[in-house]
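Okay, thanks for coming, everyone. I'll put the structure up and then walk you through a few parts of it.

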Amino acid sequence: MIVRTLCVAALAATGLTGTVTTAAATVTATAAEPPRWGFAVVRGSAVVETLHQAGSWPQGLKVEATQGEPGQVFVRFPQIGRASGGVAHVTAISQSADWCQVEGWWQSGTDEIVAVRCHRYGVGPIASRFSVTFGSSEQYLPARQAFGYVHWDGSAVATGFNSSGPAAVNTVVPLTAPGTWRVTLPGLGSAGQAGNIQVTAVEPTVPAHCKLGGWSATTAAQSIVVRCYDAVGTSLNTGWSLTYHRERAITWTPSGYRFAYTFDNAPTTQGPYVPTPYPVSYNSQSGGLQLNNFGVARKQVMFGEVSGYADNVQVTAFGYGPEFCNLYAPWETYSTYVSIRYVSCYNGTVPVDHPAMITYIAR
């Protein structure tokens, strides 16, 4: 069993002590506990942006952040702490070849701490701006809607949830190729690809980034391949978080929240275009969406009628190589739409047009 423990000295320096979730802490969700979730945008200097944070905590509380070692930030989500369980995702916001990974998460008092570390390809740890989410869900859903997540700790499923019911157990099988796994989410199936998937590396010791390496669906289950890589693009056995959501937000939010997602599966298309098959895109406000190409690795994503004053975006690369994606700049909100300009992808330091999944949530 691989037990992944964060650097004690770094944690002690911030007053945030804890241990990364491991296989020994496997949790089966129950319908009795209310969902806990939160999101935020943090600048590299550990400044949490007021207009880009929200969560299931009482009104008036705020997300806080503390710097650790180079490139490392501890994000404190107030009063949503769990002894174990849930998943976290993070996306770098940068005009360079940066990515961010989650190092771990744990309960501290009544709060939840998520440790994030960002890297620049060929440089090392970097104080990058990033967008982060944490969520744990315990409520089942009617058909069409679907929500499932898995935290793989490097050797086993540490925690997971499947909204189709208590009998559905998510599974992970390591494949022959190193750094590659097949995830099966039973009961969340669809007639072809539908919904959105986000994957984030969970690794406290070495640089790591993960992506979707493949996706197929039947009416019985979603079948998803996860691929992970190290700092120079070599396949890596590591931990990761995966969330699948269909006609639901990436975090378990109340009905008043708006959300949208899409799959840029034709990245060289100039646009404007809407990806097909259509179920890979969804807008909770029926406001439509479109994608536009503004040059290599400059994909603008526009969602209509969903913008809000507290919102979040996550992005995950899709494909078979070591490419990774981030957000070129913070998204822009207008009265009738939100503009994500741009989703940028890289192979090493080289910008490339590459498939990616994008998901948005707004209060």
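Let's start inside, with the largest cavity: 15 residues line it, and V90, C100, V199, C210 and C325 are the ones nearest its centre. Keep in mind that this is a predicted model. Where does the lining of that largest cavity come from? Six strands each give at least two residues to it: β6 (87–93), β7 (98–108), β15, β16, β23 and β24. The space in there comes to about 170 Å³. And how many cavities of 30 Å³ or more does the structure hold? The count is three.

Okay, on to the nonpolar cores. The largest one has 26 residues, and the members that touch the most others are V183, I197, W215, W240 and L242. If you want to find that core on the screen, look at β11 (146–152), β14 (180–186), β15 (196–202), β16, β17 (221–229) and β18 (239–246), since these are the elements that give it two or more residues. There's another core lying apart from that one, with 25 residues, including A65, F77, A92 and V114.

I'd like to stay with W240 for a second. Which residues does W240 contact, once you leave aside its neighbours within four places in sequence? It's quite a list, so here's a selection: among them are V150, H151 and W152, then V172, W181 and V183, and also C210, V226 and C228.

Since β14 came up in that core, let's look at how it pairs. On one hand, β14 goes with β13 in the antiparallel sense, over four bridges. T171 has T184 in β14 as its bridge partner there. These two strands make a hairpin with five residues between them, and G179 in that hairpin has a positive phi near 70°. On the other hand, β14 also pairs with β17, again antiparallel, this time over seven bridges. For an example from that pairing, take R182, whose bridge partner in β17 is V225.

Just ahead of β13 there's a residue worth a stop: S163, in the loop between β12 (157–162) and β13 (171–174). So, is S163 buried or exposed? It's buried, because its relative accessibility is just 1%, and the cut-off for buried is under 20%. Setting aside neighbours within four places in sequence, S163 contacts Q139, Y140, L141, A146, F147 and L188.

Now for a separate piece of the fold. There's an open sheet of four strands, in the order β20-β19-β28-β23, and its pairing is antiparallel. Why do β20 (282–283) and β23 each have one side without a neighbour in the sheet? Because they stand at the edges, each with a single partner strand. Further in, β19 (residues 258–264) pairs with β28 (residues 356–362) over seven antiparallel bridges. One spot to look at there is R258, which stands opposite A362 in β28.

Last topic: charges. Side chains of opposite charge can pair when their charged atoms come close. How many salt bridges does a search of the whole structure find? It finds eleven, and I'll show you a few.

R43, E49 and R129 form a network of salt bridges. E49 meets R43 with N to O at 3.3 Å, and E49 also bridges to R129, where the closest N and O atoms are 2.4 Å apart. That second pair links distant parts of the chain, with R129 in strand β10 (residues 129–136) and E49 in the loop between β2 (36–42) and β3 (54–55), 80 residues apart. As for accessibility, E49 counts as buried at 8%, while R43 is partly exposed at 41% and R129 counts as partly exposed at 25%.

The other one to see is E323 with K211, a salt bridge of 3.2 Å, N to O. This pair links distant parts of the chain too: E323 is in the loop between β23 (311–317) and β24 (324–327), K211 is in strand β16 (residues 209–217), and 112 residues separate them. Are these two buried or exposed? E323 is buried, at 14% relative accessibility, and K211 is buried as well, with a relative accessible area of 1%.

That's my tour, thanks for listening.

Note on methods: Residues numbered from 1 in each chain as written. Heavy atoms only, no water. Salt bridge = Lys/Arg side-chain N within 4 Å of Asp/Glu carboxyl O. Buried < 20%, exposed > 50% of the residue type's maximum accessible area, 1.4 Å probe, protein only. Core = buried A, V, L, I, M, F, W, Y, C linked by side-chain atoms within 4.5 Å. Contact = heavy atoms within 4.5 Å. Pairing = 2+ DSSP bridges. 1 Å grid on protein atoms, 1.4 Å probe; cavity = no way out; pocket = protein on both sides within 12 Å on 5 of 7 lines; lining within 4 Å. Points joined across faces, edges and corners; volume = space filled by probe spheres on them.
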